[in-house]
Every structure is written in C-alpha cells, then in structure tokens.
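I opened this entry to keep a plain record of what I looked up, in the order I looked it up.

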Amino acid sequence: MASDPAKQLERNARLLQLLARTALKDQQAFAELYRAASPHLFAVALRILREAAAAEEALQESFVNVWHHAASYVAAKSQPLTWLTSIVRNRCLDQLRRREIDTVTLDDEEEGVTVAAPGPTPQELLLAGADALALKACIEALEPGQRQAIALAFFQGLSHAELARHLREPLGTVKSWVRRGLERLRACLDRAGVTR
Amino acid sequence: MNLGERESAEALAGQYVLGTLRGKARARFERLMRSDRRLADAVRGWEERLLPLSEALPPVTPPERVWKGIVARIRGTTTAAGSLSLRGVAWWRGLALSSLALAVVLAVALLKPAPELPEGSLVVVLAGPDAKPALLASTARGSRYLTVAAIAPLTLAADRALELWMLPERGSPHSLGLVSAVAPGGMVRIALPAAAEQALQDIPALAVSLEPKGGSPTGLPTGPVLYSGPVKRLY
C-alpha cells in the first residue's frame with residue numbers, strides 16, 4: 001500500500017476513523033473499512049495459505065472478527081493496518097496449524113514444499129517492504145540464510161520443518177537462522193530507533 | 001525478571017509474530033500472552049517491526065462473495081441482539097470522558113436561564129468519531145423531558161433524519177425520537193417514557209443515527225451512527 005509517509009498518515013487516520021465507527025456498529029463504515037483494507041489483507045492471506053478458497057475463508061472470518069471486536073482495538077498501541085494484519089495472519093497461521101494436524105501422516109513422504117506464488121519472491125518482498133520503511137539497512141545486515149529463512153517464514157508461512165526441506169538444510173541450521181536473524185533485526189531496529 | 005527471561009520472552013514473541021512458533025507451542029503462547037502483559041507487549045513490539053513489511057505485497061482484490069459472506073454472518077448478530085453493541089459504547093466511554101468538563105461548561109452556557117446545573121442533572125455529550133461534540137443532551141432528576149442542543153452545525157439532506165437512541169445495558173436500542181430539527185444554538189425537547197432518573201437508569205449511553213425522513217422504519221437503527229456519548233449522572 002502507500003509508502004509515501006504523508007499518504008500513509010492519511011490512510012492510517014482514515015482507517016482509524018473507520019475502525020472507530022465500526023466499533024459503534026456502523027455498517028457503512030465497516031463496508032468502507034473492508035473496501036480499503038481487504039485487498040492488502042487478501043494478498044497477505046493468499047501468500048500464506050496459497051489457496052484462494054482458504055484465503056477467502058480466512059479473510060471472511062477475520063472481518064467477522066473485526067466487526068465483533070473493533071472496540072478492542074486500542075489506537076495508541078498499534079497502527080490500524082498492523083492490527084488488522086495481525087488478525088488475518090493469526091487466522092491464516094491457525095488454518096495452517098489445522099492443516100498440519102490433518103496431514104501429519106503424509107508429512108514424511110512429502111518431497112519438497114511448493115512455495116511458488118505469482119509475483120515477487122519473498123526475499124524481494126522483504127527488501128521492498130524494508131524500502132518503504134527505511135529499514136533496508138537492517139534487512140541487508142542479515143546473513144543471506146537468515147534473510148531467506150525470515151522472508152519465507154514471514155510471507156509464505158513456512159514452519160521450521162518446511163524451511164529445512166525447502167532450503168535443503170538441517171532443521172537445526174534453519175532454526176538458528178530464524179532465531180539469530182530475528183535477534184539481529186531487533187537489535188538493529190532498536191538502535192535505529194524505529195521501534196521501542 | 002532476569003535478562004535471560006527477557007531474551008527468551010522476546011525470542012518467543014518474535015517467532016510467534018513471524019509465524020514459526022507452531023502447533024501446541026503457539027496455542028500455549030497465546031494463552032500465556034492473555035495473562036502476561038510483558039509477553040503481550042513483546043508481541044506488539046514485534047508486530048510493529050515485522051507486519052509493516054507485508055505492505056510490500058501487491059494488493060489483490062478479493063471476490064465479491066467474500067464480502068457477501070461477511071454480511072450474511074454479521075446480519076444475524078445485528079438484528080437479534082440490537083445493532084449497537086455495548087462494546088462500542090465502552091470504547092466510547094473512555095474517549096468521551098475528557099469531554100465531560102467541556103460538557104458542563106456548555107450545559108451551563110446553553111441551558112439558560114439556569115444559572116448552574118441543578119443537583120441530579122444528567123448530561124450526555126454526543127460526538128462523532130472525530131471526538132468533536134455535536135449535540136448535548138441533558139435533563140434533571142424528576143424531569144420528563146430531555147433537552148437536546150446542537151453544539152456544532154449539522155448538515156443533513158432533506159430526505160434524511162437524525163434519530164436519538166437509548167443504548168441499554170442489554171438488548172436493543174430504544175428510540176427517543178427525531179432530533180433533526182435542532183439548529184445550532186437552538187434546542188429541542190424530547191419526551192422521556194418516564195422520569196429521567198428512571199428512564200435512563202440502565203442506559204449507559206445515547207447515540208444518534210442517520211435515518212430516512214420520518215425515522216427508522218424498523219424500530220432499530222438502520223443507518224450509520226453519527227454521534228454517541230455516555231450518560232453522565234451529576235449526582
């Protein structure tokens with residue numbers, strides 16, 4: 001979505017207002033909120049779930065959730081789009097968890113993990129997202145393995161086991177890439193004063 | 001809490017937001033997070049760091065059936081239990097609390113000739129989502145009327161009306177009537193079903209919705225809620 005800071009501020013203010021009105025059960029505001037945020041959130045769900053039907057279901061459940069819980073959104077604590085994204089991502093990760101339980105017996109026979117999705121690769125996305133946020137330096141400071149593992153986990157919802165299979169690396173290695181990568185990212189961002 | 005604990009809380013929160021915390025561990029973490037403020041804060045920090053990255057994704061407009069499904073699923077909840085839930089009111093309460101001082105000042109100014117608010121007054125500042133007060137409703141113990149004054153100019157299409165609602169603790173909103181006629185600086189008097197202290201006894205908030213001319217055809221709010229505010233008892 002908007003990468004220009006002024007546009008981003010304007011968009012956030014708009015989303016904030018729509019969320020506030022949704023909390024008051026204003027259906028028109030809710031419809032507008034859906035129109036404004038759903039293309040972004042649907043893209044998030046599609047990437048993680050990799051199936052249109054599953055992504056549609058996750059989006060639908062998320063918005064039903066937003067309708068009921070808009071009042072629990074606390075403006076001071078996170079940006080509106082961040083809050084909405086966290087709802088959709090959690091819903092998607094829940095679906096993946098259920099899928100994992102369903103397919104646990106098939107897991108050993110699975111040859112590799114398909115992560116193909118149209119458009120930019122997770123790594124390109126990570127850098128593009130960082131670009132918009134001026135976090136590029138922190139993302140670039142990650143080791144290539146760390147960056148790749150984090151990008152795949154974040155955008156495609158891969159688990160440690162799936163990362164290991166996809167990257168053809170031992171489980172222990174990808175686990176430590178993720179852990180160290182996150183640590184390094186946090187240290188770098190905190191130094192840059194981007195977050196607390 | 002020692003450094004090691006803080007580090008591991010941070011690490012778990014990071015994995016949770018990244019999505020690599022899975023299965024039972026994820027469910028357990030979610031349970032812990034609900035009661036552990038430190039974990040919840042760590043998660044929020046990671047959400048701030050990571051989630052904006054997803055804005056790089058090219059947006060994809062979902063098919064129309066998704067929205068239709070959402071509407072179908074929330075419709076049941078809006079007609080059965082009343083379309084204005086208390087959650088909304090609770091959210092509002094905090095916001096409007098700060099307007100109370102202003103409300104008193106305005107009430108004194110508007111409710112001439114009363115030199116000051118009598119004992120047992122009830123005041124409701126109705127404001128929009130921008131938190132700007134638009135209407136002021138007030139009454140006093142024993143009174144059968146609610147006085148509604150416009151604080152800001154209201155623009156209203158000719159075929160629309162503003163309807164005032166009581167939002168009870170439980171159950172559906174109850175209409176108090178139309179307040180469309182109120183001009184800035186002017187006021188309207190609305191009859192209450194009982195004496196103020198009784199009529200508004202279990203009413204934590206009032207709201208104004210946009211309705212067709214003549215008011216809601218269904219007896220429940222049908223249009224957007226434009227203004228709302230908590231009932232303040234000054235006794």
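**Entry 1. Surface and make-up of the chains**

I began with chain B, which exposes about 11200 Å², with carbon and sulfur atoms supplying 56% of that area. The model is a predicted one, and I read every value below as computed from it. For chain A I noted about 8800 Å² exposed, 52% of it from carbon and sulfur atoms.

I then looked up the secondary structure. Chain A has nine helices and zero strands, and its elements from the N terminus on read α-α-α-α-α-α-α-α-α. Chain B has seven helices and eight strands.

Burial came next. In chain A, 52% of the 196 residues are buried; in chain B, 49% of the 235 residues are. I also looked at contacts between residues at least 6 apart in sequence. Of these, 65% join residues at least 24 apart in chain A, and 63% do so in chain B.

**Entry 2. Helix H2 of chain A**

I asked myself what span helix H2 of chain A has between its end C-alpha atoms. The helix covers residues 27-49, and the span is only 28 Å, whereas a straight helix of 23 residues would span 33 Å at 1.5 Å a residue. I went along the helix for a bend and found one of about 50 degrees at Ser38(A), with a proline, Pro39(A), following within four residues.

At the start of H2(A), I noted that a side-chain oxygen of Asp26(A) comes to within 3.0 Å of the backbone nitrogen of Gln28(A). As for burial, 17 of the 23 residues of H2(A) are buried, so the rest of the structure largely encloses this helix.

**Entry 3. Two residues with positive phi**

I checked the backbone on either side of H2(A). Lys25(A) is not a glycine, yet has a positive phi of about 65 degrees. I place Lys25(A) in the loop between helix H1 (5-23) and H2 of chain A. Arg50(A), just after H2(A), takes a positive phi of about 60 degrees and is likewise not a glycine. Arg50(A) sits in the loop between H2 and H3 of chain A. I wrote both down because most residues other than glycine have a negative phi.

Are these residues buried or partly exposed? Lys25(A) counts as buried because its relative accessibility is 9%, under the 20% cut-off. Arg50(A) has a relative accessible area of 30% and is partly exposed.

**Entry 4. Nonpolar cores**

I looked up which residues have the most contacts inside the largest nonpolar core. They are Phe30(A), Leu50(B) and Ile70(B), in a core of 80 residues. H2(A) gives the most to this core, with 13 residues. A second, separate core has 29 residues, including Ala137(B), Leu154(B), Val182(B) and Ala199(B).

I followed Ile70(B) further. Leaving out residues up to four places away in sequence, Ile70(B) touches Phe30(A), Tyr34(A), Leu59(A), Gln60(A), Phe63(A) and Val64(A).

**Entry 5. Helix H3 of chain A and Glu61(A)**

I compared H3(A) with its expected length. Its 18 residues should span 26 Å at 1.5 Å a residue, and the end C-alpha atoms are 25 Å apart, which agrees. Among the buried residues of H3(A) I listed Leu59(A), Gln60(A), Phe63(A), Val64(A) and Trp67(A).

Glu61(A) is also in helix H3, residues 52-69 of chain A. I count Glu61(A) as buried because its relative accessible area is 16%. Which residues does Glu61(A) touch, not counting those up to four places away in sequence? I found Arg91(A) and Arg73(B).

**Entry 6. Val60(B)**

I finished in chain B with Val60(B), in the loop between helix H3 (37-50) and helix H4 (64-80). Its relative accessibility is 30%, so Val60(B) counts as partly exposed. Apart from neighbours within four places in sequence, the contacts of Val60(B) are with Ser38(A), Pro39(A), Phe42(A), Ala43(A) and Leu46(A). I had already noted Ser38(A) as the place where H2(A) bends, and Pro39(A) as the proline that follows.

Technical notes:
Residues numbered from 1 in each chain as written. Chains lettered and ligands numbered in written order. Predicted model: local features only at pLDDT ≥ 70, side-chain atom pairs only at ≥ 80, totals over all residues. Heavy atoms only, no water. Buried < 20%, exposed > 50% of the residue type's maximum accessible area, 1.4 Å probe, protein only. Contact = heavy atoms within 4.5 Å. Areas by Shrake-Rupley, 256 points an atom, 1.4 Å probe, with all protein chains shown as cover. Expected span 1.5 Å × (residues − 1). Bend = angle between axes of the 7 residues up to and from the residue. Polar contact = N/O pair within 3.5 Å; in protein donor to acceptor, adjacent residues only side chain to side chain. Core = buried A, V, L, I, M, F, W, Y, C linked by side-chain atoms within 4.5 Å.
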